[in-house]
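Me: Hi, could you walk me through this one?

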Amino acid sequence: MRGVDGPILRTSHLLGTEQLSIDEITGLLDLAGSYVGLNRTGDRKHALLKGRTLVNMFFEASTRTQSSFELAAKRLGADVLNMSVGTSSVSKGETLLDTAATLNAMRPDILVVRHHDAGAAELLSRKVDCCVVNAGDGAHEHPTQALLDALTIRRRRGSFEGLIVAICGDILHSRVARSNIILLSKLGAQVRLVAPRTLLPARVECFGAEIHTDMDRGLAGADIVMMLRLQLERMSGAFVPSAREYFRFYGLDREKLRRAKPGVLVMHPGPMNRGIEIDSAVADNIEFSVIQEQVEMGVALRMAVLDALARGLPRDGRNAP
Amino acid sequence: MRRLAFTNARLLDAASSLDTPGALLVEDGRIREFGPQLFHDGIPDDADTIDCNGWILAPGLIDMRVFTGEPGSEHRETLESASRAAAAGGITTMVVMPNTEPVIDEPSLVDFIKRRAAATASVRVLPMAALTRRLAGESMTEIGLLTEAGAVAFTDGDRTITNTRVMRLALAYASTFGALVVGHAEDPELSEGAAMNEGEFATRLGLPSAPPAAETIIVERDIRLVELTGARYHFGQISTRAALEAVVAAKSRGLPITCGVSACHLALNELDVGSYLTFRKVKPPLRSEADREAMVEGVAAGEIDVIVSSHDPQAADTKRQTFAHAAFGAIGLETLLPVTLQLFHNEKAGLLHLLATLTSTPARILGLESGRLARGLPADLVLFDPDEPFAVDSAALHSRARNTPFEGQTFQGRVHQTYVDGIRVFDHAAHR
């Protein structure tokens, strides 16, 4: 591990995995690893971010990501404000910028934003003076999810080199998929995408991943199987004809999992649709399911992200005169 | 062991370009042996012998486009009555459309068709399933599960899916499973209310009409979508020169596209509507003579892959109407072969070439092993005299419906016997 409080990130925002260097990623994962240990001890509270303010701005409802950021910030001693921002009927770009201006006037140090439009976090980052963490922008990126997935894998497998990771399901609408493809490929894993053609974006091979429409073939020899959530409204005939057909051909059950390598790990960013993309018999089996562990890693990884960003902040706060 | 010896036959097989005098031995329902030398040392004692009289013995025909009324309007046609008509036409495999009541859009309904066919039909019945639920053109069907249930292809039958986005996603999804999509090219808005082909004759008759472009527009759209999705696509039937040119261009670009033409559109043109003959009101409408000629040339050039009956039985009450209000559709199972043979007798195309459009090519498109003569395959066979003349008499047809567009017309080419799994399902001698 590098110097205890040396800089880890080159930028004051975490907008995506695309911009991250291997050193930055490794630095974050190392730091997160130390927080995993701390979180498991009785003394979980630290004063690292004492006096700092973190604002959670979620334009899309998300219990788990928002709580994870809140808990991470609180464990580091920061003040947390959860802004409830419903979707407004007025032009979204305008609303977002108006909100940004309002927020900026409150002088927070870190802004965590989730928005249904791709590029929202980046737009905000250009308009506010604080650090911005992208907690999901449309179908673009969700960097902390990919980082926590990487942390989970690294703790179980040691390294990424040569690992076969099969990401299965709704790749088209998934920011989790995009961030993971980019991040895991950077780390040396061999990424495969498994989905029906209707759930694969155009020219998805540009990411350098192997594409499979047959799940048996896609899972053959996989070290990690990462399932994605399929939104209910997408399985009524537009992208997929029905939930039962989806489960039959793309739902992870024990039989399909048998194609993967012995000792395979099963992951899911949650929340799960049981009986649609994943069978309970797989999701709940601690022999290969690390789904709960991902949640635990999420808090530690987000603490590391906040810590790393805070290292770049002026002592008196980002917005101090 | 049951053996059947066909002697004194002219063996014709498009897949292997075989055209030779010879004999064929069937053992337990399968082709055991065939060729010019067979039985030179004598016919096996225990075999039943069929003297073929020098007639053509060929693989049974595969008709890729058959509408029946089962389930839902059995008064028009059942699988059983359609299969009798098919057998009489030398057809041993009929592919039935999902345009029934209810629509075949559920695995259990595919299973229903298969079970009803097994229980009642004398020829093989392969169901196509709907591409969109209730043929509404809105949401795709369970292509994976329907394929597992036995659907051979996916189609909305004689309906065109107008929503391009729905069509794109359905094609993309179908390509996931390598499923075949069969499209109908007739822009519904452009053809709304139309009873025949737009042109001078429709104007003289004062009938509402739709332009041939109603077909071309959809053909060209779907070709673009195939380009985008890579789906295997078959135009169930085309009827215009412009559509054919588009298909030919698409094929030359290597797209996985094939097309069919109905026997009606090879034999008849818009003038045959004559004095408002509703039995000649079909979908798509009979076209100009130039378009009909283009269809014949397309078959001869191998640009049109298959010839289909587009058998569409209609009850008398729906045809005894003014032309504008009469139902679309013509029966055709029993006239498919003789109409096709017209092209041979008119010296437009050779016998083997034409036979391919009715046997080996549809088998290839559908992924069937049948449609050819080969050792070990089920003995689905047709025995016909290509020259014998006969006049179409609707009263003598086997279909439950009588709406033939060829009443009284004379053709050459008589089916004498038809076999499925080595079992005789039609014998002309028994019907004389």
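Reply: Sure, here is a short chat about its pocket and cavities. This is a predicted model, where local features need pLDDT of at least 70, side-chain atom pairs count only at pLDDT 80 or more, and totals for chains, interfaces and linings use all residues. Residues are numbered from 1 along each chain, chains are lettered from A and ligands numbered from 1 as written, and side-chain values use heavy atoms, without hydrogens or water.

Me: How much space lies in the largest pocket?
Reply: About 830 Å³ (on a 1 Å grid over the protein atoms alone, a pocket is an open set of points with protein on both sides within 12 Å along at least five of seven lines, whereas a 1.4 Å probe fits in a cavity but cannot get out; volume is the space filled by probe spheres on the points, joined across faces, edges and corners).

Me: And which residues lie nearest its centre?
Reply: Arg114(A), Arg175(A), Arg229(A), Gly270(A) and Pro271(A), out of 35 that line the largest pocket (lining means an atom within 4 Å of a point).

Me: How does that lining divide?
Reply: Eleven residues are nonpolar, 15 polar and nine charged (Ala, Val, Leu, Ile, Met, Phe, Trp, Tyr, Cys and Pro are nonpolar; Asp, Glu, Lys and Arg charged; the others, with Gly, polar).

Me: Switching topic, how many cavities of 30 Å³ or more are there?
Reply: The structure has eight of them, and the largest cavity holds about 130 Å³.

Me: Which residues are closest to the centre of that one?
Reply: Gln237(B), Val282(B), Lys283(B), Ser310(B) and Asp312(B), among 15 lining the largest cavity. By class, that lining has five nonpolar, six polar and four charged residues.
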